[in-house]
Amino acid sequence: MKEINLPKYLHVDILKAIIDYLLTNNNKINYDNNNNNNNKYIIKNYYLYINEIIKLSLVSNHWYQTISNLIVSNLISNNILEKWFNFFTYDVSYVYKIFNIITYNYNKAFDFSFVQSFFKMKVNQKYSIIKIDESVIKDYFRNQVLCIYDLTYEKLLQLSKLETEGNLKYRKIKTKFFYTKDEFKNLFLEGGIAKGIEKNGLLDISSNNNNIVELSAYNFLLTIFPEESFYDLLPKEEEEYAIYKDLQPIIYLKTIDLEGSQDDYNEKTFRILKYLKPKNIIFKTNYRKNVHADFSLMFNSKITNQVESIRIVSDFVEPIHLHFVNELSNLHTLSIPLHFHQMILLQLGIEELHCSRGDLIAHKDNVMQDWDKMIQSLLSSKSIKNFKISNKCQKYECINKSIKSYNNENYNAASRQVKKLFSNGIKQLLSSSTFKYFKISNMYDIIDIDTFSELKNNKTLKKLVYKEIFNLHFKLVFTTAEEVAEYQFNIINYLIENVFSNGGSGMLGNNIKHFKFSLEYPYNLKLIFESLFKHYNYFQLYSITIVIFDTLYEEVLNEIINLSNKISKVQKQQQQQQQQSIKEFKIVIAKYFGDIKHFQSILNDRNINGDNGLFVITVSNKKRVCY
């Protein structure tokens with residue numbers, strides 16, 4: 001048979017379609033419904049599919065050059081170089097190895113400000129896929145995107161002079177700082193009222209209209225150390241409408257990363273949100289003392305209606321805090337832990353709590369009524385697309401210990417009934433017509449297979465995540481690893497058989513394309529893949545992501561390879577290539593922050609992504625994926 005040689009322009013068209021698919025958010029979830037970003041290459045995807053990109057680049061020198069040009073052209077034409085850069089690095093020596101530090105000279109009085117920037121991966125080296133002329137990079141950051149570490153009011157005034165003179169050339173100013181009161185004081189008190197700055201201008205951080213400043217504040221202290229606290233910059237509550245009646249300072253932020261406190265930790269904690277107006281809120285606390293915040297103000301539309309994303313990393317919300325979450329009209333992403341163990345025990349009348357950090361729920365009298373109101377408020381939200389609900393306590397043993405201490409079968413039966421009430425609430429949420437991404441985490445023995453029954457006809461949800469969090473080094477006393485694995489298998493198998501598969505009966509009633517789950521123990525791993533093989537002809541799933549510890553990596557990889565081989569064998573026997581629904585398996589190594597080259601090397605050796613592999617397989621660690 002004569003070899004067919006395709007024209008080079010067809011090679012380019014084919015490669016562009018492949019690279020576009022791998023690196024853009026096309027066919028993936030877009031929470032804010034903004035289609036303008038769908039043709040922009042995403043650095044997270046570059047890491048995730050680097051193995052496929054490298055293999056394509058090794059086909060020929062022409063393919064290598066084409067792929068490199070495609071990526072570079074996309075970054076430059078879409079003006080997204082800054083999204084592929086690391087800023088504010090302390091490793092100055094590494095910066096010099098790549099290119100000279102970019103220095104910004106606003107004017108003669110302000111020639112000391114500079115930014116240290118470098119790509120998030122190796123570039124411009126001999127075998128780098130990404131090669132961008134150094135002059136292009138420097139020109140981009142000198143003329144389009146200004147990056148400043150620790151923006152001060154004085155720097156803002158210097159830039160304001162350029163705006164007044166008509167010489168402000170930047171379309172975006174990216175800045176981040178780690179909070180210290182002294183450095184933040186003038187920026188808040190003076191910049192927050194636009195003193196000496198054009199009102200509603202490009203640099204007016206007190207306005208959300210036209211300003212081009214993307215200001216992110218990290219490690220923002222609440223009331224840990226009184227002398228450093230932001231509260232010292234605020235008026236006393238009784239003076240709030242006197243001193244700042246006409247000139248109340250307000251700053252609009254892109255992101256605020258809040259550090260929890262152990263002193264004066266109450267509903268006043270989030271008074272700062274009256275003055276600092278972020279689009280994204282991240283809350284965390286690393287303190288071991290029994291502290292718990294009242295998050296009511298964070299979910300008050302009169303204060304935080306501009307917020308688009310709220311992620312509670314530690315601590316927990318109470319249902320009463322979310323009674324009016326539906327009024328936050330711009331909120332598209334919400335991640336909330338709740339103290340399910342204590343809420344369950346309260347319904348049982350059990351006061352003995354073995355959870356870490358103790359008895360913390362403040363509103364105990366009407367927990368179930370508050371829970372029902374929270375569920376209805378979430379269901380009536382028109383804006384939330386990306387939702388995560390999790391259990392604050394990561395040890396199932398604690399609630400079991402509390403119930404077992406009564407040594408009464410009536411309590412065991414009653415606990416199942418109470419858990420069912422919470423399970424039914426989550427079941428209602430899974431019927432939502434607005435959520436596109438739903439994540440359930442650490443809900444062992446609280447939810448069951450019936451919780452997921454509403455998904456059969458959910459046409460809105462695109463991705464489901466079901467994860468449990470167990471510590472392999474934590475000794476289980478009131479249950480066993482086998483019981484945990486059986487519980488997880490029952491839920492995963494139910495989803496495979498009843499939600500992701502139509503059983504040959506025709507079209508599915510849902511549109512879920514991506515499923516992510518965790519496995520802590522090897523038991524029942526083979527049964528999961530046997531179920532996948534049994535139903536693979538009836539799937540509409542596109543990708544499956546499995547989160548594991550590194551000790552399970554080779555076992556999971558072997559099961560994926562075996563599944564591919566078994567499907568290929570059946571198709572060969574039937575002498576037909578059936579439509580393959582599952583295209584990708586993604587393996588995520590949890591709690592592993594080292595180099596993943598070892599895992600990638602094992603994957604490469606198995607050559608599963610070659611001509612005979614039915615699936616694209618990727619491996620990453622959690623840190624890299626969430627970069």
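## Rings, cores and a few odd loops

Lys566 lies over the face of Phe533, at 4.5 Å from the ring centre. For a charge to sit over a ring here, NZ of Lys or CZ of Arg has to be within 6 Å of the ring centre and within 35 degrees of the ring normal. Lys176 does this too, with its charged end over the ring of Tyr218 and 5.0 Å from the centre.

Before going on, some bookkeeping. This is a predicted model, in which local features need pLDDT of at least 70 and side-chain atom pairs count only at pLDDT 80 or more, while totals for chains, interfaces and linings use all residues. Residues are numbered from 1 along each chain as its sequence is written, and side-chain values use heavy atoms, with hydrogens and water left out.

**The overall picture**

The protein chain has 18 helices and 18 strands. These are DSSP runs numbered from the N terminus, with helices being H or I of at least four residues and strands E of at least two. Of its 627 residues, 55% count as buried. Buried means under 20% relative accessible area, exposed means over 50%, and partly exposed is in between (1.4 Å probe, protein chains only). As for contacts, meaning heavy atoms within 4.5 Å, take those in the protein chain between residues at least 6 apart in sequence: 78% of them join residues at least 24 apart.

**Phe184 and its surroundings**

The structure holds 25 aromatic pairs. Rings of Phe, Tyr and Trp (its six-membered ring) pair if their centres lie within 6.5 Å; planes under 30 degrees apart are stacked, over 60 edge-to-face, and the rest tilted. One of the pairs joins Tyr179 and Phe184 edge-to-face, 5.8 Å centre to centre with 65° between the planes. Both of these residues are buried. Ring pairs also tie Phe177, Tyr179, Phe184, Phe188 and Tyr275 into a cluster.

Phe184 turns up again in helix α8 (residues 181-189), whose buried residues are Lys181, Phe184, Leu187 and Phe188. They cover an arc of only 130° around the axis, which puts them on the same side of α8. The arc is taken from the directions from the helix axis to the C-beta atoms. An α-helix has 3.6 residues a turn, so residues three or four places apart point the same way.

Leaving aside neighbours within four places in sequence, Phe184 is in contact with Phe177, Tyr179, Phe220, Phe230, Leu233, Ile251 and Leu276.

**Two cores**

A nonpolar core is a set of buried Ala, Val, Leu, Ile, Met, Phe, Trp, Tyr and Cys residues joined through side-chain atoms within 4.5 Å. The largest has 143 residues, and the members that touch the most others are Phe184, Phe299, Leu334, Phe438, Phe452 and Phe585. Helix α14 (residues 481-499) gives the most to this core, with eleven residues. Apart from it lies another core, of 30 residues, among them Leu22, Tyr47, Ile71 and Phe141.

Leu22 also belongs to the buried residues of α1, along with Leu15, Ile19, Asp20 and Leu23. Their arc around the axis is only 160°, which puts them on the same side of α1. They pack against α2 (43-48), α3 (50-57) and α4 (61-77). The geometry of α1 (residues 8-23) checks out as well: at 1.5 Å a residue, its 16 residues should span 22 Å, and the end C-alpha atoms are 22 Å apart, which agrees. The expected span is 1.5 Å times one less than the number of residues.

**Four residues by location**

| Residue | Place | Relative accessible area |
|---|---|---|
| Asp445 | loop between β13 (437-441) and β14 (463-467) | 28%, partly exposed |
| Asn524 | loop between β15 (514-519) and α15 | 18%, buried |
| His535 | helix α15 (residues 525-535) | 9%, buried |
| Ile546 | strand β16 (residues 543-548) | 1%, buried |

Asp445 has a phi near 65°, a positive value in a residue other than glycine. Asn524 is not a glycine either, yet its phi is positive at about 70°.

With neighbours within four places in sequence left aside, His535 is in contact with Ile496, Glu497 and Ser501. On that footing, Ile546 touches Phe517, Leu519, Phe529, Val556, Phe585, Lys586, Ile587 and Val588. Ile546 and Ile589 are 43 residues apart in sequence and 8.6 Å apart in space, C-alpha to C-alpha.
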